[in-house]
Each structure stands twice: as C-alpha cells, then as structure tokens.
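Me: I would like a close look at a single part of this structure, namely the cavity and its lining. Please give one connected account, and then describe a helix pair in the same manner.

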Amino acid sequence: MEVSSPQEPPNEMTEKLPINFSDISRASLAIKGGVVATSCRRSYFLSELTGMNVYLKKELDQFTGSFKERGARNTLINLKREWDAAGISYPGVTAASAGNHALALSYHGRELGIPVTVVMPIVAPLAKVDKCRQFGANVVIQGAHIGESKLHSEDLCKERGYVYVNGYDDPPIMAGAGSIGVEICDQVPDLDAVIVPVGGAGLIGGVSCAVKTLMPDAKVFGVEPNFAASYTAALEAGKPVETMIEPTLADGLAVPKVGSHAFEMARHYVDDTFLTTEREIAIACLRLIENEKLVVEGGGAIGLTPILPGGPMDTPEWKGKTVVVPICGGNIDTTTLGRVIDRGLAADQRLVRFVATVSDRPGGIAKLTSLLAAEEASVKDIYHERSWLQSSVSNVQMRCVLELRGPEHASRVREALAREGYPTKWDDLEDPLNSGDIEGTECLPVV
C-alpha cells in the first residue's frame, strides 16, 4: 500500500473537526526526543496463529509504560509555550486518573518544570500512587471512583487556578496520541489495518486521523470490552451518552462516557468497532505473555482479540493481510496479573474445575486420582466434601482443579470420567458431558 502525501484534503467536514493532520504533525515534532519512538515489529508466532502478518506497536516501552506520555507531553509543551508568551509563572495542571494518565502527566510535568496535581480515587493501585509521588506530583486521594475524583480536580481548578487536562478528550492529547499513527505508517508501509483499543476514544481519534490521511485505503478498527461499551453506545445514540460500566479486565478502558471531541474524530475516520468478552481479553493477555514475553494490561492487549481464532476478523478476507496492533500499556498490578493468567488458562481449557461424586469407601479417592493420572491430568487442587452431599452417606464430593494441555485434553478427561461412571458437574454448564444432578446418582463401591 502506498503512502499518500501527508496533506489532509480540506473539506467542510474536516475543518470542523477538533484536530487535523497538521496538529498531529506538529505534535510529533514537539514530543520528539521526549518520548520513545516505539518499535513495530512482526510477530512470528501471532502471525502463524492468525494467518495474518501481525505487527505489534510496543507502546508499553514508554518510560511510564503506556502511550499516554505522547498526549501528556504535547499538552504540557503547548501550555508552557502559552504561559511563556504571556510572561506568567506556571500555575500548574491537574487531572483525575487512577493510572496511566496520572503517571504520564507526573513524569513529564517534572521533566518540563510544570507543577502537577493528580487526584486519584481510593481504589487506585498503591504502586501507581507511589510512582506519581516519586515523579514529584502532588497526589490527592479523593473519591470512591474516577467520577468523584474528577469533580474534586475541577474544584481545585477553580480554587487554585490550575489547568485541567482531560486524559482523552483534549485536542492536544489526541494530537499527541495521533503520532502513533504517523510512526505506524512509516514503519509498516504495506499496512492493511490498524486495530486500536477504545476507552474515552482519544487514542483512536488521533490514530485514525493520521492513518487515514497518510494511507487512505488502510482500515482503522476499534475494539472495546462488552462491559464498557461507551463508544458503541455513543454511535447508537449519535452522541456521547452515559453508559453502564461493569468491572472488566480492561480497566483502563472503563470510561462511562466517551469524550465529545474524541467521538467526533472517531466517528469521522474509524471504519468499524468490535466488542469483546472478558474471556477473549484474558486469552489475548495470555498469548502475549507466552508468545511475545510481554506483560500487558487488559486494555493494552484488547486490540489482539479481533484477529485471534474465532474473532470477527478470523475470516478468509483477512488471511495474509498486514495488521498492526498497538500494545498500549503494560501497567498491570502483580495480583491482577495472576488472576488474568488463571482466567486465560481457564478460558483456554488448560485449567479446568469440576465436582465429581465418588465412593466414601476406602480407595474411592485413590481410584479417581489414578484415573486422572492415567489421562495425564495434573491435579492442582483437590477438596474433599462430606457434609453437603445429602443423597447417600456412602458417597462424597470431590472438587478438583486440573492443569491440562487444552480443549482436546479436557475432552479426553471428561469422556474418561463419564466412561467410568463418575457423576460430574463442570464449570462449563453448557458442556454436553455434564452429568446433571450429581447428588442424585449412586457411585459403585470400590472393592
């Protein structure tokens, strides 16, 4: 695919948009040297898995671990230029954030000599709070959630004259994020598509503008979690609307209402948007850990979900095409990482859990574990329950967690248990091998 001349054709629609390609070009030049021009290399393993040429744009290599640095630095540079021209001392900036935006603003505020106050909710991870303080930011813990933190941050603007920096909807933020698109077009000249995570829509607004200007034939797709589908709701309503948000592995994308500026940009340039499940996000994180040795947060890995087997782009149309996935952030808590890995293994059927009814006679448990060993299943956890099985005093329930090799191995173990007459109940309630009521079935005694 040829790269067109970097001149966005003026028309009435683009002239009304919050930013244009000229803004992105200026931002790219302004932040050069202050942020990392991240690599964008082909992934052999993911390309083999998907049948596409998959390139990963590693924004997690930024100093604070996410793409947010681009917009934060561009915004601070613009403000500094305005204050210097006016001959006034720097009043400082403030923002409400529980993570990446706070880190980026704190770090680049220190680098540029601009005071930064970040308001973080009480649920903000302690590690991120401490890092913001290490960067010299004034950290205020206020609010049960980010919405309450934002209200307090806006109060500080009124009281102390701070400038509020929205992490996804301010035009300089979007222009800075758009520099990713410029780099992608330079690094992958045969680009067919870019898949961008969507939270507040600032990232995809900037990236789509850059890509569509430089490579008009390339596709730009968005992807957001089912549990935080604020951009999809905005598209349906024709404007940003408040959306019900549920806890998601892609917590960095859990924005209840997309930005108005960001929405206008994305609606104009983005070709389509996909929704993804928690299961798919967990598997995407697991694939990146195992195949690329990348520790990535859910919101940073979500762009991979549409091209994985079973995804909406897993179609003949896209086989052999060149697709870029920005890996937008790697700031995941250690405790959360453990849960994500376990959920990914469970979704991959490499970690399975079931309840089996066995005889309470001597040797009953031994017979079950011998069967599992014969099927090469590794027992990770096993729990013996007598009190909650009411159907027979001669039976007990065994709750088992097994480590397996994948779906085929899981099916083999299930079939072996069924063949030996063990009533079982698996976590996968739709599985045809579920035996139904495990309490209502007698087990043969072990002799």
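Reply: The lining of the largest cavity in this predicted model divides into 5 nonpolar residues, 2 polar and 1 charged. The residues concerned are Val-223, Phe-274, Leu-275, Thr-276, Glu-280, Thr-305, Pro-306 and Pro-312. Glu counts as charged, so Glu-280 supplies the charged member of the lining. Val, Leu, Phe and Pro count as nonpolar, so Val-223, Phe-274, Leu-275, Pro-306 and Pro-312 make up the nonpolar part, and Thr-276 and Thr-305 belong to the polar part. Strand β9, which spans residues 272-276, contributes 3 residues, the largest share of this lining. The volume of the largest cavity is about 30 Å³, and the count of cavities of 30 Å³ or more comes to 1.

The helix pair consists of α5 and α6. Two packed helices are described by the angle between their axes and the distance between the axes. Helix α5 covers residues 100-112 and helix α6 residues 126-134; their axes come within 9 Å and cross at roughly 15°. Angles under 35 degrees count as roughly parallel, and α5 is therefore roughly parallel to α6. The crossing of α5 past α6 is left-handed. On the α5 side, the contact involves Asn-100, Ala-102, Leu-103, Ser-106 and Arg-110; these meet Lys-128, Lys-131, Cys-132 and Gln-134 of α6. The residues of this contact divide into 3 nonpolar, 3 polar and 3 charged.

How values were computed:
Residues are numbered from 1 along each chain as its sequence is written. This is a predicted model: local features need pLDDT of at least 70, side-chain atom pairs count only at pLDDT 80 or more; totals for chains, interfaces and linings use all residues. Side-chain values use heavy atoms; hydrogens and water are left out. On a 1 Å grid over the protein atoms alone, a cavity is a set of points where a 1.4 Å probe fits but cannot get out, and a pocket is an open set with protein on both sides within 12 Å along at least five of seven lines; lining residues have an atom within 4 Å of a point. Grid points are joined across faces, edges and corners, and a volume is the space filled by probe spheres set on the points. Helices (H or I, at least four residues) and strands (E, at least two) are DSSP runs, numbered from the N terminus. Axes are lines fitted to C-alpha atoms, for helices over the stretch in contact, and angles run from 0 to 180 degrees between N-to-C directions. Angles under 35 degrees count as roughly parallel, over 145 as roughly antiparallel, 65 to 115 as roughly perpendicular and the rest as oblique. A crossing is left-handed if the near helix is turned anticlockwise from the far one by less than a right angle, and right-handed if clockwise. Contact means heavy atoms within 4.5 Å.
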